[in-house]
There are 2 protein chains.
Amino acid sequence: MPTSHWAWGPEPEESELREIARLFSEHTGLGDPVAWEPPVPFSPALLPAPRLDVPPLPFCTADPFERAVRTYGQAYRDLIRAYRGDFANAPDLVALPENEDDIERALEWASGHGVAVVPRGGGTSVVGGVESRFDGPSLCLDLRRMNRIVEVDETSQAALVEAGATGPEINAGLPEGLQLRFFPQSYEFSTLGGWIATRAGGHFATLHTHIDDLVESVRAVAPAGAWESRRLPGSGAGPSPDRWLLGSEGALGVITRAWIRVHRRPVHKVSVPVRFTEWVAGVSAVHDLAQSGLHPSNCRLLDAREAALTSGGDGRNPVLIIGFESADHPVDAWMSRALEIVAWHGGVAGEARQDQAWKGAFTRMPYLRNAYPGLGVLAETVETAVTWDRFMALHEAVMAEHEGTTCRLAFVYPDGPAPYYTIVVPAVKGGELEQWDDLKRRLSETVLRMGGTITHHHAVGRDHRPFYDRQRPDPFALALKAAKTALDPAGLLNPGVLI
Amino acid sequence: MPTSHWAWGPEPEESELREIARLFSEHTGLGDPVAWEPPVPFSPALLPAPRLDVPPLPFCTADPFERAVRTYGQAYRDLIRAYRGDFANAPDLVALPENEDDIERALEWASGHGVAVVPRGGGTSVVGGVESRFDGPSLCLDLRRMNRIVEVDETSQAALVEAGATGPEINAGLPEGLQLRFFPQSYEFSTLGGWIATRAGGHFATLHTHIDDLVESVRAVAPAGAWESRRLPGSGAGPSPDRWLLGSEGALGVITRAWIRVHRRPVHKVSVPVRFTEWVAGVSAVHDLAQSGLHPSNCRLLDAREAALTSGGDGRNPVLIIGFESADHPVDAWMSRALEIVAWHGGVAGEARQDQAWKGAFTRMPYLRNAYPGLGVLAETVETAVTWDRFMALHEAVMAEHEGTTCRLAFVYPDGPAPYYTIVVPAVKGGELEQWDDLKRRLSETVLRMGGTITHHHAVGRDHRPFYDRQRPDPFALALKAAKTALDPAGLLNPGVLI
């Protein structure tokens with residue numbers, strides 16, 4: 001359950017934040033640690049009065065703190081508002097259902113009172129997916145109490161898990177030796193239901209990149225009824241019902257549980273950093289690796305600046321981290337061939353590692369953002385996917401938008417990469433939202449114009465919505481809207497998202 | 001273009017059919033080659049008069065032969081009717097569009113005249129997916145003239161192909177060294193559009209089993225407009241539009257072209273047959289292979305009888321064919337580990353082969369069926385997918401339904417296999433349809449009861465429809481119906497399929 005009204009994780013000490021800010025500023029030359037601005041402490045007075053009476057449901061509350069910690073996701077535009085004590089869009093009510101009956105009762109009540117319902121998991125959306133950014137009263141339906149592992153089928157390597165379970169909760173609850181191999185950067189807090197609703201990306205750089213590939217069946221509750229697909233390893237019976245819920249962002253139903261594919265814990269793991277002198281050489285190497293059929297579990301190309309910031313690079317050379325993992329067999333043959341491929345492109349391999357140190361650093365990264373508002377820097381990330389033939393042009397266009405933009409290729413497919421861009425700039429004090437919105441708009445326009453998708457794994461939410469509307473085929477939008485109306489006739493579920 | 005009014009492929013000589021029938025009967029003890037019944041020769045009088053005037057569109061015809069060859073798919077219940085000269089359900093008209101304009105004009109005309117439209121590719125459906133089995137007049141919209149390769153992007157290994165192109169046409173049209181690695185048993189005649197509409201299965205036994213995995217973007221024409229997704233290697237922007245068309249069986253739109261992922265032609269190929277003394281040992285070996293992360297391209301377990309019939313087995317031992325292929329690297333390490341795994345289950349490896357002789361035999365198999373009606377044998381195949389924990393119980397239940405049923409595991413996933421059952425029995429002369437329908441019903445009931453899907457890669461069509469309706473979640477059916485109505489308000493497209 002969230003415990004800070006603004007921070008990633010628990011409320012940090014100011015001294016700790018100041019120290020991170022100082023180091024960050026020293027390293028990047030960004031922000032002013034001296035002019036430190038502390039967060040506005042929580043006070044019930046920060047919130048507007050709820051526009052609704054608390055319903056006669058024992059799992060509902062209008063407690064201001066509970067509302068405050070569920071007002072936003074984790075975009076910078078969320079962070080800065082919460083930091084400054086702006087909770088204008090707080091939900092009027094928070095529901096914490098313990099089971100599907102509770103959810104059905106909440107939906108029934110909401111329907112009777114014309115109240116919008118915003119389903120919420122870990123609240124780590126960076127695209128405004130969980131914010132009540134619409135007119136009229138809202139109920140935040142927080143699934144976090146529904147976090148049990150209901151059943152495990154070790155023979156089929158699958159588990160039935162409730163939607164509110166986080167990454168660590170799932171892995172802690174699985175039998176010894178089994179793991180969900182799915183580590184998004186939000187791993188610590190984000191939930192299974194959230195991953196499915198947003199088509200989240202995990203840590204596999206190739207093959208099973210999205211949660212889509214790990215889902216065996218999904219159960220959801222819509223105003224029109226409960227929806228559960230049959231548990232199947234594969235099927236060709238009509239369009240996949242699961243694929244309609246994957247990416248539905250809370251608009252088609254409340255995802256309550258899913259059967260997911262789990263893996264044996266890998267015992268053979270090896271990771272090799274490879275240094276390139278040129279970005280394009282690294283890109284060519286990744287292109288060939290992606291088309292090699294070797295399916296590395298990690299294949300993360302960091303440009304020189306990003307490598308310096310996150311992986312101990314020297315600031316001059318791009319670094320490619322290649323990793324293979326297996327619970328079944330040594331992966332030497334795989335790695336040998338991968339290193340042959342990258343060597344052909346001039347890549348120089350560093351020392352092989354058995355552990356995966358990057359993973360800890362990777363999930364610690366969001367904590368760094370806690371220091372940004374106080375320091376006066378603004379951050380935005382833009383991620384997309386694009387076919388190889390268009391990638392370099394897209395890359396140059398995005399990099400040209402803003403000096404200091406860094407890039408990594410986080411996921412790769414045979415037909416193209418999913419580049420991830422990070423922009424950290426001095427914030428315009430008091431005008432951060434306009435500044436961020438302007439940056440977002442320009443970068444999103446560039447991505448669309450150059451043939452990319454508006455999002456590879458951050459979802460659409462409210463921030464990507466105008467661009468998503470332009471990207472999707474018109475008749476598909478018609479069909480999606482009709483499906484939504486059939487499932488949610490009163491339009492209660494997460495209004496403004498997708499439809 | 002189809003040239004026989006009943007046969008798989010061109011009209012065969014009777015002497016040739018009699019010879020195949022004699023051999024088959026000798027081998028299996030089934031049927032009576034002496035009491036041979038020849039096919040009813042084609043005659044325009046076999047067809048009902050068209051209920052419509054030919055529209056003023058140059059690509060439309062009411063020619064009886066063109067209608068006859070497009071009356072059915074390739075199920076046994078289709079074969080026997082065509083063989084006997086029953087063309088009661090012939091479409092009234094055939095349209096052979098050369099481009100999307102033609103399709104739009106045909107849809108417009110059909111809409112104005114209240115005529116149902118049945119999109120058709122190679123016409124190899126075995127589930128009644130392309131039969132005008134409904135009241136009222138119908139237009140068969142045959143896409144076979146739209147068979148061009150429009151564009152190839154060698155960098156991204158992708159090609160834009162028109163929906164009416166068959167497997168051989170696609171591979172012949174790709175640049176030297178590139179191939180679509182997708183070989184369904186119907187490869188010779190089935191089309192890209194048909195594969196997408198039915199979520200067809202190819203030859204990869206693991207990973208990229210369905211055409212779903214090879215599709216980069218799809219374009220379709222619906223009465224509500226043309227629908228084209230952006231060409232992307234991956235995306236997380238809402239539910240995937242492509243996944244709505246995949247499996248749509250002509251009911252949501254006419255698929256006109258798609259960008260598909262192609263592969264470099266493999267240069268490293270090895271295939272090893274492995275003999276088991278017990279079926280369950282073979283199943284255990286496949287289970288472990290499926291969970292090993294080795295991703296064999298072939299992993300086909302044939303029970304003893306099926307092995308004898310199709311792969312030169314001795315009739316006593318199940319045979320597992322393991323294959324690896326790569327355009328990038330020798331596959332020895334992969335095969336070595338796979339053979340270790342199967343040896344642990346008692347599998348005895350035969351001689352490795354570089355070629356893939358099974359492929360020729362595999363695509364020749366449908367020709368064998370041409371001999372069945374004359375011989376008086378009836379055939380049905382049932383295929384499904386089921387999680388491992390339920391597989392053995394399902395298998396035993398299906399095998400118990402009918403003596404002489406054979407089984408192969410055609411596709412395998414970490415969480416379960418896709419078993420394929422073949423039943424060939426003496427036909428009840430004159431009562432074949434009832435006999436087949438009864439067999440179908442019993443087997444389908446068993447599959448559903450035991451937790452399988454009604455189809456892994458044969459689609460729903462009209463024959464699986466009642467079982468599909470029970471399998472899919474009710475709210476999903478509501479949503480699908482609403483989507484259909486939005487896209488095809490008059491309900492012109494392939495009525496009775498899916499919705």
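Chain A can be laid on chain B with an RMSD of 0.0 Å, by a turn of 180 degrees and a shift of 0.0 Å along the axis. That is the relation of a two-fold axis. The superposition is by least squares on the C-alpha atoms of residues with pLDDT of at least 70 in both copies.

This is a predicted model, in which local features need pLDDT of at least 70 and side-chain atom pairs count only at pLDDT 80 or more, while totals for chains, interfaces and linings use all residues. Residues are numbered from 1 along each chain as its sequence is written, chains are lettered from A and ligands numbered from 1 in the order in which they are written, and side-chain values use heavy atoms, with hydrogens and water left out.

**The interface**

In all, 83 residues of chain A are in contact with 83 residues of chain B, contact meaning heavy atoms within 4.5 Å. The copies meet through the same surface, because 100% of the interface residues of chain A are also interface residues in chain B.

Chain A and chain B bury about 6400 Å² between them, 61% of it on carbon and sulfur atoms. Buried area here is the accessible area (1.4 Å probe) that two parts lose on being put together, summed over both. In chain A, Arg230(A), Pro233(A) and Trp244(A) lose the most area to chain B, together 11% of what that side buries.

Between chain A and chain B there are 33 residue pairs in polar contact, both residues at pLDDT 80 or more. A polar contact is a pair of N or O atoms within 3.5 Å; within protein, one must be able to donate a hydrogen and the other to accept it, and residues adjacent in sequence count only if both atoms are side-chain atoms.

Several elements of chain A each supply at least two residues of the side that touches chain B, among them β9 (225-228), α7 (241-245), α10 (332-344) and α13 (388-401). Helices and strands are DSSP runs, numbered from the N terminus: helices are H or I with at least four residues, strands E with at least two. The largest share of that side of chain A, nine residues, comes from α16(A). By class, the side has 38 nonpolar, 30 polar and 15 charged residues. Ala, Val, Leu, Ile, Met, Phe, Trp, Tyr, Cys and Pro count as nonpolar, Asp, Glu, Lys and Arg as charged, and the others, Gly among them, as polar.

**Salt bridges**

A search of the whole structure finds 78 salt bridges over all chains. The count between chain A and chain B is six. A salt bridge is a side-chain nitrogen of Lys or Arg within 4 Å of a carboxyl oxygen of Asp or Glu. Four pairs are listed here with their closest N to O distances.

| Acid | Base | Closest N and O atoms |
|---|---|---|
| Asp389(A) | Arg231(B) | 3.5 Å |
| Asp212(A) | Arg243(A) | 3.5 Å |
| Glu380(A) | Lys440(A) | 2.7 Å |
| Glu19(B) | Arg22(B) | 2.9 Å |

Take Glu380(A) and Lys440(A), which form a salt bridge. Glu380(A) lies in strand β16 (residues 377-383) and Lys440(A) in helix α14 of chain A, so the pair ties together parts that are 60 residues apart in sequence. Glu380(A) is buried at 5% relative accessible area, and Lys440(A) is buried at 6%. Buried means under 20% relative accessible area, exposed over 50%, and partly exposed in between (1.4 Å probe, protein chains only).

Asp212(A) and Arg243(A) also form a salt bridge. Asp212(A) sits in the loop between α6 (192-198) and β8 (215-222) and Arg243(A) in helix α7 of chain A, so this pair links parts that are 31 residues apart in sequence. Asp212(A) is buried at 6% relative accessibility. Arg243(A) is buried at 15%.

Glu19(B) and Arg22(B) are three residues apart in helix α1 (residues 14-28) of chain B, separated by about one helical turn. Glu19(B) is partly exposed, at 37%. Arg22(B) is partly exposed too, at 36%.

Asp78(A), Arg81(A), Glu131(A), Arg133(A) and Asp463(A) are linked in a network of salt bridges.

**Asp153(A) and helix α3(B)**

Asp153(A) is in strand β5 (residues 149-153) of chain A. Asp153(A) is buried, at 7% relative accessibility. Beyond neighbours within four places in sequence, Asp153(A) is in contact with Ala158(A), Arg231(A), Trp259(A) and Asp389(B).

In chain B, eight of the eight residues of helix α3 (residues 76-83) are buried, so the helix is largely enclosed by the rest of the structure. The cover over those residues includes α12 (372-375), β16 (377-383) and α14 (432-449) of chain B. Just after α3(B), Gly85(B) takes a positive phi of about 80 degrees.
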